[in-house]
Structure formats: structure tokens, C-alpha cells
Amino acid sequence: RSLLPSLLLSFQLCCADQTSEAPAMKAAEGPADVPTVKVAVIGATGGIGAHVTRLALERGWHVVAFSRDPSRMTQYASGRLDNVKVDLMTPDAKEILADGIRGADFVFSCIGTSRGEPAIVTRGTRTILAAMAKSGVPRMCMISSVGIGDSGGQLRRAGLSGWVASAVLHTILRRIKSDLTRAEQLAIGEEHARPDGVSCVVVRPAGLSFAPGQGKYEVAGADGDVGMSVSREDVAEFLISLATNRQYDSKAVSVGGHAPRVYHRKK
């Protein structure tokens, strides 16, 4: 089967994720004796952000979950969870973020552009970086997509459907491509906007699937190859690993796998 539909969903990950219902999951309280880790998840109600929130809580971490609609986070019953309402397109977003992330060890940016709305990843990333500078938070990651930046060849090496997806990315999805490209430049590019002492990992998922986590995934730089269908839950597992692993700091990395290609969440 063609990987084009899943790649299109990957490039529009926030068109799907930011507007979809967060997965119905039970958040477990982590063990009481683990060292306290504080993380922030921005875009916590999205298809990847919701998984990141759950996985962090299961590890016993303190999670500050930012979203435009915190009422959608009611499935998480945990004393380690703080829900904060924020709209990254409003003038007060920087102050709200700075207050909420103060004291955090890591920030997960799972933001993206919702259907029919202006592209927000570049502006949102700039705001997040400014909030981190103000609050002294040292590390973050952001979600981009395979095919962005120097990973274009990675996409084309996937075969005919990869070439088709690349063409679509440069035409129909050029607005999303431009937004993600500029956001990557802010985060790790030569003219990055990162404040001194702040590092960022750019994570580029391959075609996103609604399949359950497979328990494994592939990671590679732009010169390597990854499978072109990856579960959102497996992407979240990799993101969680970044909080305690500095191997990819200030770099871009692709994440893929061989998950079943499930394009719509089961009701």
C-alpha cells in the first residue's frame, strides 16, 4: 500500500492532532520514590502530545500540560498534573508559558497548525524559546516532519510514493513545509533564536499512524533511513527518552517504523 496517505497526515500532523480528541487513556500515578522530574507539554491534547502527557505521568514526573482547551484533559486524574490554558497566537502567551514552565527540566513542543487556521509552528516556537529564556529552562524538543530541511532525500529514497509525497509537500502542502522549515531554523539553524544555554532537538516523524504503539521505532539522521509508518505512541516514547538523553541535543533526527497504516482513530 502507498505510504502517501500517512505521509500527508504526517506533514499535517497538527491539522489532525490539534483538532482531534485526545486518546481515552488512564493516567497512572508513577512510583512515589522516583526523583522528581518536571516537564512541560505544549499541545498536550494532540495525538502525540496526549501520549507524551500520559507517559510522563506514568514515570512519576510532574507535568504541566498546556492546551487551548484544558477541559479535554479530564481523563487524567493525577496530582502531578497541572493544566494551563494558552493560545500561542495571543500577546500574553509568552508570560503564561514562562510562569508555567519555570523550574522545568524539559519542554515538549507538540504544536502544529489546525485546519483552516494560520500556520503557528514558527511563531509558537519563537514564543516558547522566549519563555524558556525568561524562565531559565535549558532543554526542549519540537515536532517537524520527515521531508523538511536536509531530510528531503530521506523521503525520496522511500521510492515512487516518496517522490510523490515530496512533490505534494512542495506544492499542496507548501505552507506547512515553509512553516516547519522556518521553525527548524529558529531551533537549530545557523541563525537560530535559541537563547544561550538552551538546546533543542528537532524530531521529524515519518508517516504518522493511529495504530497502537509497536514498542519499537527507528531513529536516523538525514543521511540514514527509517521506516515510513510510525505510531504516534511510539513517537511519544522517543520524545520522552529525550528528557534524559542528550545525544540528539541541537540536532534534527527522523523517527520511523513499520506500524500498520491506520489513518483514522477508531471510535
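The following exercises, each with a worked solution, concern a predicted model of a protein chain.

**Exercise 1. The chain as a whole**

Determine how many helices and strands the protein chain has, and what share of its residues is buried.

Solution.
1. The protein chain contains nine helices and ten strands.
2. Of its 267 residues, 58% are buried.
3. The exposed surface of the chain comes to about 11,200 Å², and 52% of it is supplied by carbon and sulfur atoms.
4. Among contacts with a separation of 6 or more, 74% join residues 24 or more positions apart.

**Exercise 2. Cysteines and disulfides**

Explain why Cys110 forms no disulfide with the closest cysteine, and treat Cys200 in the manner of Cys110.

Solution.
1. A disulfide is a covalent bond between the sulfur atoms of two cysteines.
2. The cut-off applied here is a pair of cysteine sulfur atoms within 2.5 Å.
3. For Cys110, the closest cysteine sulfur belongs to Cys141 and lies 6.4 Å away, which is too far for a bond.
4. For Cys200, the closest cysteine sulfur is also in Cys141, at 7.0 Å, again too far for a bond.
5. The structure accordingly holds zero disulfides.
6. As to their surroundings, Cys110 is buried at a relative accessible area of 4%, and Cys200 is buried at 0%.

**Exercise 3. The two sides of helix α7**

Identify the buried residues of α7 (residues 160-170) and state where they lie around the axis.

Solution.
1. The buried residues of α7 are Ser161, Gly162, Ala165, Ser166, Val168 and Leu169.
2. These residues cover an arc of only 160° around the axis, so they lie on the same side of α7.
3. Leu160 and Trp163, on the other side of α7, are exposed.
4. A general rule assists here: an α-helix has 3.6 residues a turn, so residues three or four places apart point the same way.

**Exercise 4. Helix α5 and what covers it**

Check the span of α5 (121-135) against the expected value, and state which elements cover its buried residues.

Solution.
1. Helix α5 has 15 residues, and at 1.5 Å a residue they should span 21 Å.
2. The end C-alpha atoms of α5 are 21 Å apart, in agreement with this expectation.
3. The buried residues of α5 include Val121, Ile128, Leu129 and Met132.
4. Their cover includes β1, α4, β4, β5 and α8 (174-188).
5. After α5 comes Gly136, with a positive phi near 75°.
6. Asp99 lies in α4 (residues 93-101) and is exposed, at 52% relative accessibility.
7. Asp99 and Met132 are 33 residues apart along the chain, and their C-alpha atoms are separated by 9.8 Å.

**Exercise 5. The nonpolar cores**

Describe the largest nonpolar core and name the element that gives the largest share of it.

Solution.
1. The largest nonpolar core has 35 residues; Ile48, Val52, Phe108, Leu239 and Leu242 have the most contacts inside it.
2. Elements supplying at least two residues each include β1 (38-42), α3 (49-58), β4 and α9 (232-242).
3. The largest share, six residues, comes from α9.
4. Leaving aside residues up to four places away in sequence, Val52 touches Val41, Phe108, Cys110, Ala236, Leu239 and Ile240.
5. Apart from this core lies another, of 33 residues, among them Val86, Ala98, Ala131 and Leu169.

**Exercise 6. A residue in a loop**

Locate Ile111 and decide whether it is buried or exposed.

Solution.
1. Ile111 is in the loop between β4 (106-109) and α5.
2. Residues under 20% relative accessible area count as buried.
3. Ile111 has 4% relative accessibility and is therefore buried.
4. Ile111 and Ala44 are 67 residues apart in sequence, yet their C-alpha atoms are 8.5 Å apart in space.

Technical notes. Residues are numbered from 1 along each chain as its sequence is written. This is a predicted model: local features need pLDDT of at least 70, side-chain atom pairs count only at pLDDT 80 or more; totals for chains, interfaces and linings use all residues. Side-chain values use heavy atoms; hydrogens and water are left out. Buried means under 20% relative accessible area, exposed over 50%, partly exposed in between (1.4 Å probe, protein chains only). Helices (H or I, at least four residues) and strands (E, at least two) are DSSP runs, numbered from the N terminus. The arc is that of the directions from the helix axis to the C-beta atoms. Contact means heavy atoms within 4.5 Å. Accessible areas come from the Shrake-Rupley method with a 1.4 Å probe; for residues, only the protein chains shown count as cover. A nonpolar core is a set of buried Ala, Val, Leu, Ile, Met, Phe, Trp, Tyr and Cys residues joined through side-chain atoms within 4.5 Å. The expected span of a helix is 1.5 Å times one less than its number of residues.
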